[in-house]
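User: Please take a close look at one part of this model, a strand and whatever pairs with it, and then follow the connections outward to other parts of the chain. I would like one connected account rather than a list.

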Amino acid sequence: ARDVSPRSMGDAMNLHQLVELRAAFEQADVDGGGSLDVEEFIEAFGSVLGRNMTREKLALLFMKIDANSDGSVDWDEFINFVLLENKAAANAPDAGSSSFRFALPLPQGGNSDRSERHAHSGMVERLLVLPRGLDKCVSGSRDGTVRVWHTGSLAHLRTVRVSEAWVSGLAYFERSNRIAVSSIDRSLSFLDGSSLEPIGHLGGLEASPLCLSAWHKHGCDRLLVGDDVGAVSLYAAEGDTAAQSHLRVHRLQRDLRHDDWVTKVCYYDDLNALVSASLDGTVKIGDLERAARGCHQELVELERSGGASSNARKGVYSFDWSPTYRLLAASGVERLVSLWNPYTSSDRPLGTLAGHNASVSEVFYHHQQHLLISCSVDKVAKLWDLRMQRCLQTIHDDGVYRPEDRLSAFAFDEARSQLLTAATAPRAWPLVETAMRAATAGHDAPVIAALYNVNFAQVVSGDESGRVCVWDLSDGSLAFRFHAAHGAKMTCMSFDEAGRRLLTSGNDGVVRVWNFSNGQCLKALRSEASAESSSGHAEVSCLLFLLEGPYRHIVAGGWSRKVLVWKDTRSVPGGVPDDPDRELAGHAEDITAVSFGSPNLLATGGYDGVVLLWNLDSGVVRHSLAAPAAATPREDEARRVGQRAVWRLLFLGQRSQTLCACGADGWLRFWNPKDGEAVWEQHAGHEGEGLVALATDPANALLFTGDTAGCIKAWDVSRFVNVPRLDQSAAIVETYHWSAHESSVSSLEVMPRRSATGTGAGTGTSAAAAGAAPLLLSAGADACIKVWHVAEDGTPWLAATFGGPSGGHPPPWALHDPTQYRAAAPIVPQRAKAEVTTAGALEVPSRADAGDRPRDLVGGSSGEDPAALRAARLTSRGVMDVLTKQKAERAGGALAGGRRGAAGGIMHRLHVHDLGPVTPRTPRCNS
C-alpha cells in the first residue's frame, strides 16, 4: 500500500487507490448503513492509506472529514473531502476565480433496488424542475409515462401514463398549477400539478410536437410548441383553476420559422420575445406580439455555425438567456458554447467557450453565482465562470446505463443549486461552495480573530478581507488557507462546540459554516437584514456557537439590534440559506458582544453600554445591566461620543458564573447574573485606551485584557469572589502590562499548554516551568498572530509569531524550548501626569484643572506639593515625548476608523497618567 499523509492525501490519491478505498469502505460497512464510525474508518482505510498513517493520524483525518460531528463518515463525505482538499478540482485551470464546485453523488454503477423499481423503462426525454417551494421535478420518457420526484431526496412520488408514444416535451403553468405534456403521436395532454389527474387533451396536430414553453400573460396561460417541421405554434389555455376539468385550449397562431426540427423554444418576458432553436443551425428571436397579429418579422437570426465562412450549418440543441449579462448562450452539434448579444445583428458571437469533446446538448445559467453549466452527449458536464469565461471544473458520469449508455435529459435546479441528469431516473450533482484559496501565505488585512483548535493543535485566523489561514502550532507552518469566505468584509469568527467547523460572518449579514480543513462551505445562514444588505443594517458583529442540553444553536448579533438564533441542523451544502428560528428583540442600539453561561443564560452587550441577560429557553430578558452614571459632566460628555460600547463579555464559570464586561470606556465590570446585581467595577488603567479583548484560563485565576493601542494586561483574579458590596480591590491585581501589537488587539485566548506543545516536551527545570505555565494567543489589526508564554509571576515571554503582511513569518519554532522565548517589553510606569492631544502637543495641566477630575483619572491627592508634581513631570519628559508621538499616530488611525470599528469608537483625547489608587463605583441594574 502507498503511504499517504493527511495533508497531501488528495494530491497522492490515484484511481487505483480510490477503487481500493471504495471496496474497503463497503467491506467495513457491515450493517449496510452507508457510513462508518471512527473505529470502522480506521479499520477500513488504515491498510489502504499506508503504514505511515498511525491510528492517531487516522483519527484526526476522521474528525476533519466528519465536520458535522455526527460521529460517522459516509462515502460522499469522504470522497468530497479528498477532491476539495486536492485544490477542489484538478481540471480547473484557474481555481481562484470562483468558489463553487460540483460534488460527486453516490456512484451509480448499480442502482439500488428501489431506484430500479421506479425508473422509467425507456430513456428520459425531458426533465422539468417545478418552481421554488414545491420541491418536485417531473420526468417524461419514451415509455409514455410522466413521473414526479422529490428534488431533495429524489424519491419517487407519482407515475401517470399520458400516451403510448414517446413523451417529447414538458412545461409548467405556475399561475394555474398545470403541467403540459407533448407526445410524438401529435397530441398535447394537460395534467393537474398536484394530483397529476388529466384535465385536458388536444390531438390531431399538424406535426409532432418536440418542445414546449409556458407562461402567463393577459389573464390566461400561454403555450409555445415547436414541432418536427420547423413551425412554432402559440396556444392559449383558459379555464377556472378551481375546476381544472373545464380547461379550454385553442391555437392563436402557427409560424413556420425553421427548415428543420425545432429543438427548443422559450419566451422571455424581459426581452418580450420568443426564442427558438433548430437543427437547421439557427437561433431566431422574434417579436411575439407582431407574430400574433400575423406580421412575420424576425428581430435577430443567429447562425450557430459561425456565419458566412461555414459551408454547412450545424444543428442547435439548446440555449439559455441571462438577464444579468444580457447574453444568450447557445450550444449544439459543434463542441462549443457560443455567447451572443441579441440586440445586434452581428453574425459573430461575443465569445465562445471551448473544451468539450462531443456535441453539447444542454446549457444552463446559474444566475445567482455568475456560472454557466454545459452538458455534452458523452456524459460530461463543465462548470464555467462567466466573468472570466474559463472552465472551473469538468465532471464525467462513469455510470453504466440501460437501455442506452448515455444521459438523455438534463435540468438545473437553481433553488437547491444542483444539476439533474437522467437516463431512466434522475440523479443530482450538487454545487458546493468552497472558498477560494489564497495566492500568498499569511494576512495582508487586519486580523479579526485567531482561534485555537484543541483537536488538531492548530490556530485558525481570519482577516477582514475574508482570508482564513490554518496554522500548525507545533512549528508555525501554514497547513491550509483559503479566501473569499465572504463577498464582503468579514467581521467575526467562532468554532462549534466540537471544534470541527468554523463559523464566520461579515457585513453582508450572512453566517457561513465551514469545514476549515478543506474550505468547503457546509451551510449559509441569513437574516431578514442580510436579504436587504444595502440598507446598512446587516452587519453581524458577534458570533457564538452554544450547546444547551441536547440542542445546538448558532447565535449572532449586530446592527439589526436583534439576537438571531439558528438551530444547528445538517443541510445540503450549497443549498438555500437558512432563516433564523428565533429573533430576540430588546436592544435599543447595535449588539456588539455575546457570551453564554450554563445552563441557559445568554448575555449580549450593546453599543450604548447596556448588557441584557436572556433566558435562552423562553427568549425573555431576565436582567438589564448598565454602567453607572458619569461622575463628572466632562466624563459624561466623553461617554456620549462612542465610549459606552461593550466590546467583550465573558462568563467566569469557576467564579460562580460571574459575568465580566469590558468596553470603550476602559473599565472592567463584574456582575452577578443570577440576581442581576453589580459586584465590582474598576478602571483597567490602559492609559486612556478602550478595552476590545478579554480572555481567561480554565480555572479563572488569570484574566487578560487587550486595548486599542495593541497593549495587553495580565491580572490575578484568583481571589475574586462573586459577592456584591464587597471590597475586591485586593482580589483583582495587575501583574504585567506590555505592548503586544503595533495596532489594536483583535482577540485573546488562553490555550491549554499540554495540547499546544505536546507531552514530554523539553527537559530540566526551565522546560518543566514552561510546560506548566499557560500560553496566550493574541491577534491584532497589524495582521500578526502571537503566542505568549506567561510565567508564574505574570511575566510574558514571546514564544512564537506567525502571520503578518505579505505572508511573512519567522522560521519554524519549538514551543517546548524556552531558550527561544523573548521577554516582552513592559509599559513604562508613568509617575507624572500629562495630557496628550491627538495632534501630539504636550499639555501640563494646572492644579485647578486637575482638581476637577476624578481621582481615578488624575491620581494623587489634594495634599501633594505642586512644585514636586511639576518636577516629576519634567524628569519623565523624554519618555513622554516618545509616547506622545506614538499616541498621536494611533489616534489618527482610530479617528479614521469611524464609529463602529473594533478600536472602540472615536477617541478625541488620549491620556498618559498614573492611575494611582482606584476608586470603585457601583454599577446600576434594571431588572
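Analyst: Two strands are taken here to pair if DSSP finds at least two bridges between them. By that criterion strand E13 (residues 220-227) pairs with E14, the two running antiparallel and being joined by six bridges. The model is a predicted one, and what follows should be read as a description of that prediction.

Strand E14 covers residues 231-238 and is mostly covered, with seven of its eight residues buried. On the E13 side, Asp221 stands opposite Ala237 of E14. The two strands form a hairpin with three residues between them, and in the turn Gly230 has a positive phi of about 95 degrees. E14 also pairs with strand E15 (residues 248-256), again in the antiparallel sense, over eight bridges; in this pairing Leu234 stands opposite Gln253 of E15. In general, strands of a sheet pair through backbone hydrogen bonds, either parallel or antiparallel.

From E15 the picture can be extended through side chains. Arg254 and Glu206 meet in a salt bridge, with an N to O distance of 2.9 Å. This pair links distant parts of the chain, since Arg254 lies in strand E15 whereas Glu206 lies in the loop between strand E11 (198-202) and strand E12 (209-217), 48 residues apart. Are the two partners buried, exposed or partly exposed? Arg254 has a relative accessibility of 32% and therefore counts as partly exposed, and Glu206, with a relative accessible area of 47%, is also partly exposed. Asp255 takes part in another salt bridge, with Arg257, where the closest N and O atoms are 3.7 Å apart; here both Asp255 and Arg257 are buried.

These contacts belong to a wider set, as a search of the whole structure finds 30 salt bridges. One of them joins the side chains of Arg501 and Asp496, at 2.9 Å from N to O. With buried meaning under 20% relative accessible area, Arg501 is buried because its relative accessible area is 4%, and Asp496 counts as buried because its relative accessibility is 5%. Both residues belong to a network of salt bridges that links Asp496, Glu497, Arg501, Lys523, Arg552 and Asp568.

For another sheet to set beside the starting strand, one can turn to the four strands that form an open sheet in the order E31-E32-E33-E34, with antiparallel pairing. Strand E31 (447-453) and strand E34 (478-482) stand at the edges, and each has a single partner strand, so one side of each is left without a neighbour in the sheet. From one strand to the next the twist averages 15 degrees. Within this sheet, strand E33 (residues 468-472) is joined to E34 by four bridges and runs antiparallel to it, and Trp471 stands opposite Leu478 of E34.

The record offers a frame for some of these positions: an unreviewed UniProt entry places the feature "repeat: WD" at residues 138-159, 353-394, 440-481, 483-524 and 584-624. Over residues 138-159 the chain is 0% helix and 64% strand, with the end C-alpha atoms 10 Å apart.

Terms used. Residues are numbered from 1 along each chain as its sequence is written. This is a predicted model: local features need pLDDT of at least 70, side-chain atom pairs count only at pLDDT 80 or more; totals for chains, interfaces and linings use all residues. Side-chain values use heavy atoms; hydrogens and water are left out. UniProt positions are given in the numbering used here, feature names are shortened, and annotations may be inferred rather than shown by experiment. Axes are lines fitted to C-alpha atoms, for helices over the stretch in contact, and angles run from 0 to 180 degrees between N-to-C directions. Buried means under 20% relative accessible area, exposed over 50%, partly exposed in between (1.4 Å probe, protein chains only). A salt bridge is a side-chain nitrogen of Lys or Arg within 4 Å of a carboxyl oxygen of Asp or Glu.
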